[in-house]
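Biologist: Could you walk me through how to read a model like this one? I'd like the general idea each time, then the case at hand.

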Amino acid sequence: MLQLSNDSSFDTAGGMETGNLRDMAELNLSRLITTAADTIAAHAEELTALDQAIGDGDHGLNMKRGFEAVRSEAEAFSAKPLPEALKAIGTKLVMTVGGASGPLFGTLFMALGKEISAAPDRANLTGAFGKAIEAVAARGKSQVGQKTMLDVLQPVHDALLQGRAPFEIADIADAAAEATVPMKALRGRASFLGDRSIGHMDAGARSTALLVRTVAKTVGESA
Ligand SMILES: [Mg+2]
């Protein structure tokens, strides 16, 4: 069973790095936020370059700004029950990321917070994640196969349903982002390019895969 806890007083660092957690993986939300903000910051230029190729080049800076804003309130967020924390993070992302991605990433976290329980098992997490994907699809009036973040989110949901391990799920997310390269964009600014959007990875798919790997690394293996 996957046991998520937002108890920031529980130091999971040793267990995460040595893989010693057996019966459960404890999630330290404050640590997760910090790691996510570090990851996005480290890849901001890459995300910008991807968005420059077929978009307006703002994705890296927008995501970095949003996750730095979340990081600045990491302690306050992690003091909340997990559903409230996720809703607050989503709201913060909507307010700070901007562009087209702000409402979409914000919706993902807000919808997840609406559906998840305070101490979710894998079934609850998987169900909540599925509902969150539906909310993102509705918000973006988009669907799988249109070269968007949904093309990473849906395979990740499938992998959760299949009971895949966190690190397998991270690899699946990376492969799914890579699989957006040959796709033709049908939503968002990249869709204005038509066939010229083919041959470039979708920036939102890439940032989604980065976040999935961050969560997988932080949660670690669950027995
Ligand atoms: Mg953009």
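What follows is a chat about the fold, two helix pairs and a few single residues.

Modeller: Two ground rules to begin with. This is a predicted model, where local features need pLDDT of at least 70, side-chain atom pairs count only at pLDDT 80 or more, and totals for chains, interfaces and linings use all residues. Residues are numbered from 1 along each chain as its sequence is written.

Biologist: How many helices and strands does the protein chain have?

Modeller: Helices (H or I, at least four residues) and strands (E, at least two) are DSSP runs, numbered from the N terminus. Here the protein chain has 11 helices and 0 strands, so from the N terminus on the order is α-α-α-α-α-α-α-α-α-α-α.

Biologist: And what share of the residues is buried?

Modeller: The idea is to count neighbours: a residue is buried if 20 or more other C-beta atoms lie within 10 Å of its own, exposed if 12 or fewer, and partly exposed in between, with C-beta atoms placed from the backbone. On that count, 49% of the 223 residues in the protein chain are buried.

Biologist: What about contacts?

Modeller: Two residues are in contact if their C-beta atoms, placed from the backbone, lie within 7 Å. Of the contacts in the protein chain with a separation of 6 or more, 61% join residues 24 or more positions apart.

Biologist: How do I read a pair of packed helices?

Modeller: Two packed helices are described by the angle between their axes and the distance between the axes. Axes are lines fitted to C-alpha atoms, for helices over the stretch in contact, and angles run from 0 to 180 degrees between N-to-C directions. Take helix 6 (residues 82-97) and helix 7 (residues 101-115): their axes are 7 Å apart, at an angle of about 170 degrees. That makes helix 6 roughly antiparallel to helix 7; the cut-offs are under 35 degrees for roughly parallel, over 145 for roughly antiparallel, 65 to 115 for roughly perpendicular, and oblique for the rest. Helix 6 brings residues including L86, I89, L93 and V97 to the contact, and helix 7 brings residues including F105, F109 and L112.

Biologist: Into which classes do the residues of that contact divide?

Modeller: Into 11 nonpolar, 7 polar and 3 charged. Ala, Val, Leu, Ile, Met, Phe, Trp, Tyr, Cys and Pro count as nonpolar, Asp, Glu, Lys and Arg as charged, and the others, Gly among them, as polar.

Biologist: At what angle do the axes of helix 4 and helix 6 cross?

Modeller: Roughly 140 degrees, and the axes come within 8 Å. That makes helix 4 oblique to helix 6. The crossing is right-handed: the near helix is turned clockwise from the far one by less than a right angle, whereas anticlockwise would be left-handed. Among the residues making the contact are M63, G66 and V70 of helix 4 and I89, L93 and V97 of helix 6. This contact divides into 6 nonpolar, 3 polar and 2 charged residues.

Biologist: Which elements do the buried residues of helix 7 pack against?

Modeller: Helix 4, helix 6, helix 8 and helix 11. Helix 7 is mostly covered, with 12 of its 15 residues buried. Its end C-alpha atoms are 21 Å apart, which agrees with the 21 Å expected at 1.5 Å a residue; the expected span is 1.5 Å times one less than the number of residues.

Biologist: Is P103 buried, exposed or partly exposed?

Modeller: P103, in helix 7, counts as partly exposed because it has 18 C-beta neighbours inside 10 Å. Leaving aside neighbours within four places in sequence, P103 touches V94 and R139. For a buried case, go to A209 in helix 11, which has 27 C-beta neighbours inside 10 Å. The C-alpha atoms of A209 and M149 are 8.5 Å apart, with their positions 60 residues apart along the chain.

Biologist: Where does K147 lie?

Modeller: In the loop between helix 8 and helix 9. Its phi is near 70 degrees, a positive value in a residue other than glycine. K147 counts as buried, with 28 C-beta neighbours inside 10 Å. K141 lies in the loop between helix 8 and helix 9 (150-161), and its phi is near 45 degrees. K141 counts as exposed, with 8 C-beta neighbours inside 10 Å.
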